[in-house]
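Reader: Please show me the structure. I would like to go through it with short questions.

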Amino acid sequence: MSVMEIKKMGEPVLKEICAPVDRIDKKLRHLLDDMAETMYAKEGVGIAAPQVGVPIRVAVIDVDKKKRYELINPVIVEREGSVIDQEGCLSFPGMFGDVERAEKVKVEYTNRYGKKRVVDAEGLLARCLQHEIDHLDGKLFIEIANNLSEGRRERS
Ligand code: CO
């Protein structure tokens with residue numbers, strides 16, 4: 001496994017509509033491993049394939065160091081509620097902003113073994129799923145964030 005270079009603000013790959021994965025092979029599993037290692041190395045809670053320069057519909061998430069989600073072709077099939085919270089992104093180091101997201105989401109995806117899976121999420125996991133799936137459509141949090149600032153603000 002190896003830590004990959006993270007694509008930063010301004011790199012065109014971050015704006016691409018990513019292609020669906022049609023073949024889960026050794027190369028894809030290797031990418032999932034490298035994305036996970038990169039996410040942990042940079043202390044992120046999620047990473048999308050375009051952020052490492054690969055425009056395909058793949059993301060890796062781990063918000064609690066208990067369960068890692070490896071999402072291939074993830075799709076949000078249900079959303080409920082709305083909540084605003086502070087958000088950042090590995091491609092925009094040091095920048096944070098308030099983003100409105102659904103409070104709960106249901107996401108269907110395929111795992112690295114080719115099995116269909118469903119996750120019902122709320123809280124940080126729900127936020128992270130929406131953020132990473134946005135990446136797969138070239139959507140960046142800074143485009144929808146309010147009160148963008150350098151550095152994480154203290155909560156009042
Ligand atoms: Co991001």
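Questions and answers on this predicted model follow.

Author: This is a predicted model, where local features need pLDDT of at least 70, side-chain atom pairs count only at pLDDT 80 or more, and totals for chains, interfaces and linings use all residues. Residues are numbered from 1 along each chain as its sequence is written, and side-chain values use heavy atoms, with hydrogens and water left out.

Reader: In what order do the elements of the protein run from the N terminus on?

Author: The protein has two helices and eight strands. These are DSSP runs numbered from the N terminus: helices are H or I with at least four residues, strands E with at least two. The order is α-β-β-β-β-β-β-β-α-β.

Reader: What is the radius of gyration of the protein?

Author: This value is taken over C-alpha atoms, and the globule rule is 2.2 Å times the number of residues to the power 0.38. For 156 residues the rule gives 15 Å, and the protein is close to that, so it is as compact as a globular protein of that length. Its radius of gyration is 15 Å.

Reader: Which residues are the protein donors of the cobalt ion?

Author: Donors are N, O and S atoms within 2.8 Å of the metal (3.2 Å for Na, K and Ca); water is not among the atoms, so sites may look incomplete. Here the donors lie 2.0 to 2.2 Å from the ion. Their spacing in sequence is C-x41-H-x3-H. They are Cys89 (SG), His131 (NE2) and His135 (NE2).

Reader: How many residues apart in sequence are the parts that cysteine 89 and histidine 135 tie together?

Author: Both residues are buried, meaning under 20% relative accessible area (exposed is over 50%, partly exposed in between; 1.4 Å probe, protein chains only). Cysteine 89 sits in the loop between β4 (83-87) and β5 (95-101), while histidine 135 belongs to helix α2 (residues 123-136), so the pair links parts whose separation in sequence is 46 residues.

Reader: Which element gives the largest share of the lining of the largest pocket?

Author: A pocket is an open set of points on a 1 Å grid over the protein atoms alone, where a 1.4 Å probe fits, with protein on both sides within 12 Å along at least five of seven lines; lining residues have an atom within 4 Å of a point. Of the 23 lining residues, the closest to the centre of the largest pocket include Cys89 and Arg152. The elements that give two or more residues are β4, β5 and α2. The largest share, six residues, comes from α2.
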